[in-house]
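Colleague: Got a minute to walk me through this one? I'd like to start with where the chains meet.

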Amino acid sequence: MRLISSIGGWLDERLQIASTIRETAEHEVPRKTASWFYVFGSAAFAVFMLQIVTGILLALIYVPSAGQAWSSLQTLNHDVALGWYIRALHGWGSDFMVALVLIHMVQVFLFGAYKFPRELTWIVGVFLLLVTLGMAFSGQVLRFDQDAYWGLGIGASIASRVPLIGPLIVNLLLGGPIIAGATLSRFFALHVFVIPGLLIAFVSVHLLMVVKLGINEWPMPGRLVRKATYIKEYHELTKKDGVPFVPGAIWKDMFFSALILFSLALCAYHYGPFGPSGPPDPTIIQTVPRPDFFFLWLYAILSYLPASMETPALLIGPVVGILALLLLPFLAGEGEKSWRRRPAAVLTVLLAAVALATFTHLAQHTPWSPVMDAWSGIPIPNQFLKNRTALERQGALVFQVKQCHNCHSLANEGGKRGPALDSVALRLTQDQLIRQVIQGGGNMPAYGKNLSPAETTALVAFLESLHPAGQPPARDASRTMALGAKTGGAAPSSP
Amino acid sequence: MTLPTDLSRRALLMKLGIFFNSIVAVILAVPVVRYLLSPITRGRKDGYDSWVTLGNLDQFPSGETRLATYRNPVVNSWDGATADIACWVRNVDGKSYQVFAINCAHLGCPVRWFPQSSLFMCPCHGGAYYQDGSRASGPPERGLFEYHYKIDGGKLFIRAGDMPTPGQASNIVRGIQPCA
């Protein structure tokens with residue numbers, strides 16, 4: 001014991017750092033901020049530390065070469081002892097870190113912690129969110145599989161829409177005219193050197209400001225922030241009702257970080273590493289590229305934006321969003337901190353959360369994508385074939401062979417791109433069905449050139465049979481009158 | 001009175017120091033920027049935009065659309081399979097051809113050809129195109145990108161080298177080019 005303290009004494013005589021550390025550790029924080037709500041930032045930091053360690057471990061094996069990265073991931077998964085587990089930790093760590101940063105941000109926003117004098121802490125926090133997302137995206141590229149390859153294509157397609165210099169940005173992003181070796185190398189440099197460097201720098205400034213300015217006090221409804229008086233009030237509060245950060249508050253951070261790291265280890269063990277999916281060979285086109293979890297919402301938005309809105313929304317949307325986050329502390333730097341008296345703030349968070357969750361959920365089911373193998377892999381359910389005429393069954397065959405099933409569902413099976421057709425005969429008359437099939441419209445291709453008259457007749461007869469047993473199909477009343485007592489000409493639709 | 005003079009001499013020397021370092025910084029920065037911009041400034045030399053063959057014409061029967069692959073004209077030894085690019089070749093009538101990029105005009109995902117319904121469909125956001133490459137439905141703003149092609153010695157050649165992206169549409173002109 002005496003040896004340790006004498007070594008410590010020798011070191012500090014030269015480093016001159018012990019008093020600073022002690023001051024930092026024991027600085028007084030308001031008693032109420034020693035709360036379970038104030039643990040998310042430190043947990044994100046703990047996960048970041050783990051990411052650094054697992055990242056270095058992966059770099060021992062990983063080869064950042066377009067020709068070999070994928071097989072080095074296979075080696076990690078299958079040939080290196082516990083390589084799969086390190087990959088799983090790093091992949092799950094990425095998801096945990098993004099989630100914790102977002103939760104931390106919501107807490108800071110709801111507790112008004114971005115207000116005077118912590119505006120810059122918030123702004124650096126916004127940059128930390130951006131670099132964390134940058135790490136998540138570039139990490140997804142380093143898992144150099146089919147999703148990474150086509151994900152880069154999506155990134156390049158978005159970047160190319162920048163007016164005038166779009167194609168130049170694409171070449172810079174990809175390191176050349178196509179996605180190839182240079183692309184992976186530069187994303188490796190970004191993921192391993194550039195972005196972590198920024199992350200460490202931002203985290204340092206962020207923490208320094210937290211220590212210098214003090215942790216945000218627990219917001220009390222009615223206690224307003226005023227630039228003239230706030231600092232004095234804060235110091236009085238910490239003097240009157242403060243606890244030293246160590247050990248008064250830090251034990252909760254430690255408990256929560258341990259819980260998070262343990263959950264991360266469990267997730268990694270139970271669910272294993274992410275991918276890699278198929279090899280990054282662009283001649284393998286039987287692929288359905290999908291981004292990682294935290295970019296799914298974007299994938300959904302890209303599908304729902306109308307074509308005319310897409311380029312403006314893609315280029316202006318992020319700028320407006322980031323500017324709004326950066327300007328927030330300047331627009332609302334004073335006043336009420338408590339979320340109980342800030343309904344607009346609570347609604348903003350709820351709206352953002354519901355929107356992101358909805359888009360993420362939709363992107364997990366991709367109702368906008370054709371189900372590429374529905375026509376050959378998903379049969380028409382029996383109830384739509386039973387007691388049908390020969391012509392109607394012929395139409396059912398046309399329905400499959402012409403890939404209608406890829407976009408239209410029957411009994412909830414098949415594509416969800418177009419409307420479900422279980423009871424289409426109630427909505428459209430025979431004439432309308434023919435017109436829709438031949439001319440398309442409303443986001444459906446025209447099939448006029450690809451269907452013979454006989455195929456069209458059969459297909460429409462099948463579609464006309466799609467209605468619930470008790471309800472007759474839609475009919476054009478004027479037609480009966482025009483043709484006298486005769487029917488329109490297609491096969492009878494009731495079974 | 002010697003003190004202020006002494007100080008200003010040191011201040012001048014410090015300013016000179018900043019000046020020298022600024023010059024050195026510029027001297028060092030120019031090649032660094034030049035290096036960083038090399039993917040752009042490498043430009044159109046080195047034949048990166050050149051004619052590559054897709055193989056013999058008899059691989060592409062009249063009236064049909066077939067998948068073809070080619071090796072990108074500029075490759076590095078570590079590019080691996082990423083330098084192998086796919087494209088769709090449509091033999092319109094035995095005489096004229098259309099060669100479509102594999103990349104959807106929306107966000108670049110690989111489109112698949114369905115001969116039964118004569119449509120190209122994209123697995124990402126549901127873009128669909130007719131057999132001549134024109135837009136049928138979905139989010140794409142335009143038809144499929146087309147390569148220039150020529151026929152030489154019974155082989156089909158296309159002009160390739162760039163990954164087509166929506167912003168680059170002007171580089172890849174739609175419409176069939178006369179044989180060069």
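**Chain contact, a helix and a sheet**

Modeller: Sure. The contact draws 55 residues from chain A and 46 residues from chain B. Keep in mind that this is a predicted model.

Colleague: Which elements of chain B each supply at least two residues of the side that touches chain A?

Modeller: One helix, α2 (38-41), and the strands β3 (84-91), β5 (112-114), β6 (119-121), β7 (128-130) and β8 (135-137).

Colleague: Where does the largest share of that side come from?

Modeller: From β3(B), with 3 residues.

Colleague: And how do the residues of that side divide into nonpolar, polar and charged?

Modeller: On the side of chain B that touches chain A, 23 are nonpolar, 18 are polar and 5 are charged.

Colleague: Staying with chain B. What is the strand order in the open sheet of 4 strands?

Modeller: The order is β2-β3-β4-β9, with antiparallel pairing. So β3(B), which gives the touching side its largest share, is also part of this sheet.

Colleague: Which are the edge strands?

Modeller: β2 (65-71) and β9 (146-147) of chain B. Each pairs on one side only.

Colleague: How many bridges join β3(B) and β4(B)?

Modeller: 5 bridges, in the antiparallel sense, with β4(B) covering residues 97-101. For one of the pairs, look at Cys87(B): its bridge partner in β4(B) is Ala101(B).

Colleague: Over to chain A. What does the domain assignment give?

Modeller: Domain 1 (19-365) and domain 2 (374-482). Over C-alpha atoms, the centres of the two domains of chain A are separated by 47 Å.

Colleague: I keep looking at α12(A). Why does its end-to-end distance agree with the expected span?

Modeller: Helix α12 of chain A, residues 250-271, has 22 residues, and at 1.5 Å a residue that should span 32 Å. Its end C-alpha atoms are 31 Å apart, so the two agree.

Colleague: Which of its residues are buried?

Modeller: Asp253(A), Ser257(A), Ile260(A), Leu264(A) and Ala268(A). Seen down the axis of α12(A), the buried residues fall within an arc of 70 degrees, so they line one face of the helix.

Colleague: What do they pack against?

Modeller: The buried residues of α12(A) pack against α3 (40-59) and α5 (83-110) of chain A.

Colleague: And which residues are exposed on the other side?

Modeller: Among them are Trp251(A), Phe255(A), Leu259(A), Phe262(A), Leu266(A) and His270(A).

Colleague: What comes just after α12(A)?

Modeller: Gly272(A), with a positive phi of about 75 degrees.

Conventions. Residues are numbered from 1 along each chain as its sequence is written. Chains are lettered from A and ligands numbered from 1 in the order in which they are written. This is a predicted model: local features need pLDDT of at least 70, side-chain atom pairs count only at pLDDT 80 or more; totals for chains, interfaces and linings use all residues. Two residues are in contact if their C-beta atoms, placed from the backbone, lie within 7 Å. Ala, Val, Leu, Ile, Met, Phe, Trp, Tyr, Cys and Pro count as nonpolar, Asp, Glu, Lys and Arg as charged, and the others, Gly among them, as polar. Domain bounds come from an automatic or database domain assignment. The expected span of a helix is 1.5 Å times one less than its number of residues. A residue is buried if 20 or more other C-beta atoms lie within 10 Å of its own, exposed if 12 or fewer, and partly exposed in between; C-beta atoms are placed from the backbone. The arc is that of the directions from the helix axis to the C-beta atoms. Two strands pair if DSSP finds at least two bridges between them.
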